[in-house]
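Student: Could you take one part of this protein and look at it closely? I would like to know how its nonpolar side chains are packed inside.

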Amino acid sequence: MTEAKVTEHSAPPRRGAEHSPAAELPVRRPKATFASRFRQDRSLLFMVLPAAALVLVFKYVPMLGNIVAWQQYSPYVGITESPWVGWENFQRLLTDSHFHSAVINTVSITTFQLFFYFPIPIVMALLLNSVLTPWLRSTIQSIVYLPHFFSWVLVVTIFQQMLGGAGLLNRVLRDNDMAPVEIMTNPDTFLVLVTSEAVWKDAGWGMIIFLAALAAVDPTQYEAAAVDGAGGWQRMWHVTLPALKPVIILLLILRLGDTLTVGFEQILLHRDAIGRAHAEVVDTYVYYQGVLFGDWSFAAAAGLVTGVISLLLVLGANKLAHLFGEAGIYQKSGS
């Protein structure tokens, strides 16, 4: 009897008892409080505080001034004393033929540059990435992106000296008894002119972004593709371009957001030579209406409409990128 009791009490536990469902439940940790998270990240928060203050003061606070779009604003009496006119400025804007012309010119320039300027930095990055000599690659890269640091005044002056009425091209044509060509003052060549200037100035700078994306590609992917028999074009199509795809979509979304904001300084320098009918864009229209003509409220309404449309374009393009499985410029946490 005693041995039976000892055997009964010393029997091992049942199989699986130590792995009961209650033992497998995850331990719930208490949610971190705001104070604990602040103590943990306070160094990073203090580091970013000056930049956040600059953005707040120079970006968000001035947005409060958009209220003048619903007023007949006068800088001599201020916002508080300027009379309210409701939606009158927006109604004027929708019926103004000069504003319609400026929008059409802006969209035309943006669309033209989207097809003939946007792909050039990508092609340049692919070509430069194929250069195997490091010093030659660095030299070409430095030469190509140097014009980015030139002002638009200098860029337009250089093109004027080369393509203007008394420029190098026309002097060569005259010396050879040929008729000079009008490029800097010809509305028919204006799109090609401003796009060529933008390519010469900023294509090299845009190339750096794509080169940085290419530098992140694992070289073993090219080696594996070569072992599988893929040629140069196949490696570019199946390895290089997929690596550039997220960056291309990101920059394309940002470019769509700038549809109604073409380079202000560049267009302003060409406006008088080309003529208002062909060279007026939304930015120069707002500048002339507000700063030069003193119609501050009307110019504010035009700028506000432009900003809202640009925001909608960015949000729509970003949503479209999400539908194609790309991150875009932002995405919700957990998605």
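Tutor: What follows begins with the whole chain, goes on to the nonpolar packing, and ends with some single residues. The model is predicted, so local features need a pLDDT of at least 70 and side-chain atom pairs count only at pLDDT 80 or more, while totals for chains, interfaces and linings use all residues. Residues are numbered from 1 along each chain as its sequence is written, and side-chain values use heavy atoms, with hydrogens and water left out.

The protein has 17 helices and zero strands (helices are DSSP runs of H or I with at least four residues, strands are E runs of at least two, and both are numbered from the N terminus). Of its 335 residues, 27% are buried (buried means under 20% relative accessible area, exposed means over 50%, and partly exposed lies in between, with a 1.4 Å probe and protein chains only). Among contacts with a separation of 6 or more, 64% join residues 24 or more positions apart (a contact means heavy atoms within 4.5 Å).

Now to the nonpolar packing. In soluble globular proteins, nonpolar side chains tend to be buried together. The largest nonpolar core here has 13 residues, and those with the most contacts inside it are Ile122, Ala125, Phe210, Leu211, Leu214 and Leu244 (such a core is a set of buried Ala, Val, Leu, Ile, Met, Phe, Trp, Tyr and Cys residues joined through side-chain atoms within 4.5 Å). Three helices, H7 (119-129), H11 and H13, each supply at least two of the core's residues. The largest contribution to this core, five residues, comes from H11.

Leucine 211 shows the packing at the level of one residue. Leaving aside residues up to four places away in sequence, leucine 211 touches Ala125, Leu128, Asn129 and Gln141. A second core lies apart from the largest one and has eight residues, including Phe190, Val194, Val262 and Val281.

H7 can also be read from its own side. Its buried residues are Pro121, Ile122, Ala125, Leu126 and Leu128. Helix H8 (134-145), H11 and H13 are among the elements that cover them. Two of the names recur: Ile122 and Ala125 are buried in H7, and they are also listed among the residues with the most contacts inside the largest core.

H16 gives another case of a helix with buried residues. There, Val282, Thr284, Tyr285, Tyr288, Gln289 and Gly290 are buried. These residues pack against helix H5 (88-94), helix H6 (97-116), H14, helix H15 (276-279) and H17. Just after H16 comes glycine 294, which takes a positive phi of about 75°.

H6, one of the helices packed against H16, holds two residues worth setting side by side. Asparagine 105 is placed in H6. With a relative accessible area of 13%, asparagine 105 counts as buried. Its contacts, not counting residues up to four places away in sequence, are with Arg276, Ala277, His278, Ala279 and Glu280.

Threonine 111 also lies in H6. Its relative accessibility is 38%, so threonine 111 counts as partly exposed. Along the sequence, threonine 111 and threonine 259 are 148 residues apart, yet their C-alpha atoms are 8.1 Å apart in space.

The last stop is leucine 163, in helix H9 (residues 152-163). Is leucine 163 buried or partly exposed? Its relative accessible area is 21%, so it counts as partly exposed. Again not counting residues up to four places away in sequence, leucine 163 touches Leu169, Asn170, Ile183, Met184 and Leu193. Glutamate 182 stands 19 residues from leucine 163 along the chain, and the two C-alpha atoms are separated by 8.0 Å.

To go back to the request: the largest nonpolar core consists of 13 residues, H7, H11 and H13 each give at least two of them, and H11 gives the most.
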